[in-house]
Each structure stands twice: as structure tokens, then as C-alpha cells.
Amino acid sequence: MIEAIQCALERGEGGHAFFIKDQEGQTFREFVASLANLQGLSIDKLRSMPHWLASAIGQLFDTIWAVTRKDGDPPISRSMIRMIGREFTINDAAARRELGYVGRTLRDAGLQSYEEPSARR
């Protein structure tokens, strides 16, 4: 991400938005598993719930928040389920072409940089 911002500052024009992605593909569950692994945790035994059920729960929370006019966002929403519950791919060709974005830092190396310093010892 930092590389993309640097490319945009050096070569981009204001007002243009670009999709940015890693070189390697990964499912959301794989990404969460790698984050958990950095903390010494595993999600291997966690089961997924059916998409229709998660969507219904998200709708319920959306409705509760709307009816009660609660501040902030609900802990889970239908839009969140749409983002994490279905596989999708973005196209970053414009960023690569117009900004010279490459994506030099691999995801694993980037995630390792977030590891707590005490865990590295």
C-alpha cells in the first residue's frame, strides 16, 4: 500500500482513484488465518456459517441500529457480509500502467512488519 501511495504522489494526478492489490491472490479466510498466525493463533477449527444466515444476521443488526438510532456501526452488517462473504477480484491494471505500481512487497513480508516487536525476539 505504501508503494502505491508513493507512486501516486510521484506520478499521479489529483482526483483519480485506483484499485491496488497484491501480486498473489488470497481468500478472506486465508488472510484472516495469516493474521491469526502472526499472533500465534489458529482458525483451523473455526467453522464458517452459510452466507444466507450471515446475511440475515447482518440485516437484523442493520434494522436494530436503524430503529434504535444507535451511534456508530453495528458489529456486523449486510454490506460487511457482502464484502467478506463472496469471492471477488479487483483489477489494478490502471495503477500499474499509469502510476508504475508493481507491488514489490509480498503480503507475508508486509504482515510480518506488523508483528509486535516482543514477538520477534
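**Close-ups around Phe 31**

**View 1. Phe 31 sits in helix α2.** This is a predicted model, and Phe 31 makes a handy place to start looking around. Is Phe 31 buried, exposed or partly exposed? Its relative accessibility comes to 30%, so it counts as partly exposed, since that class runs between the 20% cut-off for buried and the 50% cut-off for exposed.

**View 2. Phe 31 and Arg 107 across the chain.** Here we pair up two residues that are 76 residues apart along the chain. The C-alpha atoms of Phe 31 and Arg 107 are separated by 9.3 Å. Both residues turn up again in the next view, among those nearest the centre of the largest pocket.

**View 3. The largest pocket has a volume of about 1800 Å³.** Its lining takes in 43 residues, and Gln 26, Thr 27, Phe 28, Phe 31 and Arg 107 are the ones nearest the centre. Which elements give two or more residues to that lining? They are α1 (2-11), α2 (28-38), α3 (51-68), α4 (78-85) and α6 (107-112). As for chemistry, the lining splits into 21 nonpolar, 12 polar and 10 charged residues.

**View 4. A nonpolar patch on the surface.** Now for the outside: Phe 28, Phe 31, Leu 35, Met 80, Met 83, Ile 84 and Phe 88 make up this patch. Put together, these residues have about 620 Å² of accessible area. Helices α2 and α4 each chip in at least two of the patch residues. Phe 28 and Phe 31 are familiar from the pocket view, where they lie among the residues nearest the centre.

Technical notes: Residues are numbered from 1 along each chain as its sequence is written. This is a predicted model: local features need pLDDT of at least 70, side-chain atom pairs count only at pLDDT 80 or more; totals for chains, interfaces and linings use all residues. Side-chain values use heavy atoms; hydrogens and water are left out. On a 1 Å grid over the protein atoms alone, a cavity is a set of points where a 1.4 Å probe fits but cannot get out, and a pocket is an open set with protein on both sides within 12 Å along at least five of seven lines; lining residues have an atom within 4 Å of a point. Grid points are joined across faces, edges and corners, and a volume is the space filled by probe spheres set on the points. Helices (H or I, at least four residues) and strands (E, at least two) are DSSP runs, numbered from the N terminus. Ala, Val, Leu, Ile, Met, Phe, Trp, Tyr, Cys and Pro count as nonpolar, Asp, Glu, Lys and Arg as charged, and the others, Gly among them, as polar. Patches are made of residues with over 30% relative accessible area and no salt bridge: like charges are joined within 9 Å, nonpolar side chains (Val, Leu, Ile, Met, Phe, Trp, Tyr) within 5 Å. Accessible areas come from the Shrake-Rupley method with a 1.4 Å probe; for residues, only the protein chains shown count as cover. A salt bridge is a side-chain nitrogen of Lys or Arg within 4 Å of a carboxyl oxygen of Asp or Glu. Buried means under 20% relative accessible area, exposed over 50%, partly exposed in between (1.4 Å probe, protein chains only).
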